[in-house]
Amino acid sequence: MQYSIGIDLGGTDIKAGLLSSDGKLMYRTVVSTHVNEGAKAIAKRIAQTILQVHSQTQSLKDIIGIGVGSPGLILADSGIIHFSPNFPGWSDIPLLDYVAAELGNLKIPLYIDNDVNVMVLGELHHGAGIGYENVVGLTLGTGVGGGIVINRKVYHGSWNTAGELGHTIVQPNGPKCGCGNRGCLEAYAGARHIVQRTRQKLASGQNSCLNPDVLTPKQIAEAAEAGDKLAQEIFAETGKYIGVALTSIAHILNPEIAIIGGGIAGAGEKLLFQHIRNEFRKRTMGIPSQMEIVPAKLGNDAGLIGAAMLAYNIH
Ligand SMILES: [Zn+2]
């Protein structure tokens, strides 16, 4: 059995885990990131978590590598974080060099990639994507992330920016997106935008049990499940726009499967996925319309498992 270490680097927490080659997370730990302390301090903390995981496993000689998943534009080949919205002020930070320096004598190969690419890689090898060659992934959270796998490898594009599926335009004159453009998928399916659209409907006088002052996507989903028509409409619209975006993605890439994860995807089959599929089937040409659309399987572990899979240098 081989083992690898995965690090899920976020703006709040650094999670670390030990993955066996058959996809089991054997050990995990979490520490706070403390973003304001800067890149070198964070690299030191990452190294400490690696040493902690490693110390649990001294009998395991076959730790083949360590992978880090991080939000932002990652230069995977050079181990550099070019930019990350979660780490304000970081510009071309050679994170892997910093971590390697902190690890001293522990010489294990280090890898890094974007957190959504890593999530798709995890799903490909140990989740909903097992057995598939060409896969796209979407994460529906605060923002809408994307990742593309072609022939079982993450597609990075010419300058490492491929896979920004959340910024597929679904409505040219739609609401403003965080990227500055209008009508991106994220401007309909990102958590903040879902809440904003719900508030607008409430303000227009539509009947609902929802309170505009305390609104979260989870509350909207609960209201929808309880039969609230406005809340159901919000999820149906969200599903529709995801279906529109997937139509373009299927026509461009012809993947076998789209895997959708993140908090909003937890709304499930009835509230969300059936609307995604209906819209997608309505719009997509015959052959690419065979693409399956499924929920992610690995949940919160996808980041750790996918990061650990980077160690196999197959991304
Ligand atoms: Zn955008």
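Begin by selecting the open sheet of five strands in this predicted model, and follow the strands across in the order 10-9-8-11-12, bearing in mind that their pairing is mixed. Now move to the two edges of the sheet, where strand 10 (153-154) and strand 12 (292-295) stand; each of them has a single partner strand, so one side of each is left without a neighbour in the sheet.

Keep strand 12 selected and add strand 11, which covers residues 257-261. These two strands run parallel, and four bridges join them. If you then pick out I259, you will find that V294 in strand 12 stands opposite this residue.

Next, leave the sheet and select helix 8, made up of residues 268-283, where K282 has its place. Is K282 buried or exposed? A residue counts as exposed if 12 or fewer other C-beta atoms lie within 10 Å of its own, and K282 has 12 such atoms within that distance, so K282 is exposed. With K282 still highlighted, add V244 to the selection: the two residues are 38 residues apart in sequence, while their C-alpha atoms are 9.5 Å apart in space.

Finally, zoom out until the whole protein chain is in view, with its nine helices and twelve strands. Its C-alpha atoms fill a box of roughly 65 × 45 × 35 Å, taken along the principal axes. For 315 residues, a compact globule would have a radius of gyration near 20 Å, and the protein chain, with 20 Å, agrees with this. Of these 315 residues, 47% count as buried. Among the contacts in the protein chain with a separation of 6 or more, 62% are between residues 24 or more positions apart.

How values were computed:
Residues numbered from 1 in each chain as written. Predicted model: local features only at pLDDT ≥ 70, side-chain atom pairs only at ≥ 80, totals over all residues. Pairing = 2+ DSSP bridges. Buried ≥ 20, exposed ≤ 12 C-beta atoms within 10 Å, placed from the backbone. Rg over C-alpha atoms; globule rule 2.2 N^0.38 Å. Contact = placed C-beta atoms within 7 Å.
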